[in-house]
Amino acid sequence: MKDFYYKVPQDLKFYTIDLERRKNFNFSLKLDKKYLEKVLQAPNKITAATVSCAITLNQKDIFVNGTISGERELECGLCLEKFKDKFTEEFNEILSTKEEIIDIMSIVLQTLALTESISYVCKETCLGLCDECGVNKNKQKCACVKERFSPFAALKK
């Protein structure tokens, strides 16, 4: 069978008949920012992502194995500073050859949406914000004195 050039669509929607002609198909594509805006917003915003994918077929199934790697802009849960973080996520799907169009973008967007975490920390040594005055303790020291509360203080009197 003669191999032919196939331009990967930006929206990652493939005609099954085109995939059947190739049987095995590998590609890597940097996602357009318009697709990334649909997934997560600040404070967990994906700023860049590349999809690498291997598609293989048999008589009735299409196997899609891929990796999404990129960078996201996050907000620290302790000091509220913005920082960038790299990520890599994998996905594996089995689809039917009976479908006319295979939409890999929906798989990619679902995988990206599942990467969201409740809280991120900019670094392990982050000191966070002062409970009293709100200053970022990573950037400057504050003069606040924390009073230690003891439930037994009333018994001393």
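# How the labels are earned

Guide: Let's start inside: the largest nonpolar core has 29 residues, and those with the most contacts inside it are L12, F27, V51, I55 and V108. At least two residues of this core come from each of β2 (24-30), α2 (33-36), β3 (44-57), β4 (61-75), β5 (82-96) and α3 (104-113). β3 gives the most, with 6 residues. This is a predicted model, where local features need pLDDT of at least 70 and side-chain atom pairs count only at pLDDT 80 or more, while totals for chains, interfaces and linings use all residues. Residues are numbered from 1 along each chain as its sequence is written, and side-chain values use heavy atoms, with hydrogens and water left out.

Visitor: What makes a set of residues a nonpolar core?

Guide: The members must be buried Ala, Val, Leu, Ile, Met, Phe, Trp, Tyr or Cys residues, joined through side-chain atoms within 4.5 Å. In soluble globular proteins, nonpolar side chains tend to be buried together.

Visitor: And which residues does V108 touch?

Guide: Leaving out residues up to four places away in sequence, V108 touches L12, L31, V51, I68 and F91. Touching, or contact, means heavy atoms within 4.5 Å. There's also a second, separate core of 6 residues, with L74, C76, C79 and C126 among them.

Visitor: What makes a run of residues a helix or a strand?

Guide: Both are DSSP runs numbered from the N terminus: helices are H or I over at least four residues, strands are E over at least two. E20, for one, lies in helix α1 (residues 16-22).

Visitor: Is E20 buried or exposed?

Guide: Neither, by the cut-offs: buried means under 20% relative accessible area, exposed over 50%, and partly exposed in between, with a 1.4 Å probe and protein chains only. E20 has 33%, so E20 is called partly exposed. E20 touches L57 and T97, not counting residues up to four places away in sequence. The C-alpha atoms of E20 and L57 are 6.9 Å apart in space, though the two are 37 residues apart in sequence.

Visitor: Why is T97 called buried?

Guide: Its relative accessible area is 13%, so T97 meets the buried cut-off. T97 sits in the loop between β5 and β6. Its side chain reaches the backbone oxygen of Q59 at 3.5 Å.

Visitor: How do you know that the side chains of N136 and E81 make a polar contact?

Guide: A polar contact is a pair of N or O atoms within 3.5 Å; within protein, one must be able to donate a hydrogen and the other to accept it, and residues adjacent in sequence count only if both atoms are side-chain atoms. The N136 and E81 side chains come in at 3.4 Å, and the contact is listed as polar. The N136 side chain also reaches the backbone nitrogen of N138 at 2.9 Å. As for surroundings, N136 is in the loop between α3 and α4 (153-156), and its 10% relative accessible area is why N136 is called buried.

Visitor: How do you know that the buried residues of α3 line one face of the helix?

Guide: In α3, I104, M105, I107, V108, T111 and L112 are buried. Seen down the helix axis they fall within an arc of 160°, so they line one face. The arc is that of the directions from the helix axis to the C-beta atoms. These buried residues pack against β1 (13-15), α2, β3, β4, β5 and β6 (101-103).

Visitor: What makes β4 and β5 a pair?

Guide: Two strands pair if DSSP finds at least two bridges between them. β4 and β5 pair in the antiparallel sense over 15 bridges, and β2 and β3, also antiparallel, over 7. L74 stands opposite F83 in β5, while S28 stands opposite S52 in β3.

Visitor: Why are β2 and β5 called edge strands?

Guide: The open sheet has 4 strands in the order β2-β3-β4-β5, with antiparallel pairing. β2 and β5 each pair on one side only, and that's what the label records. The twist averages 15° from one strand to the next. α3 lies across β3, β4 and β5, at about 135° to β5. For such angles, axes are lines fitted to C-alpha atoms, for helices over the stretch in contact, and angles run from 0 to 180 degrees between N-to-C directions.
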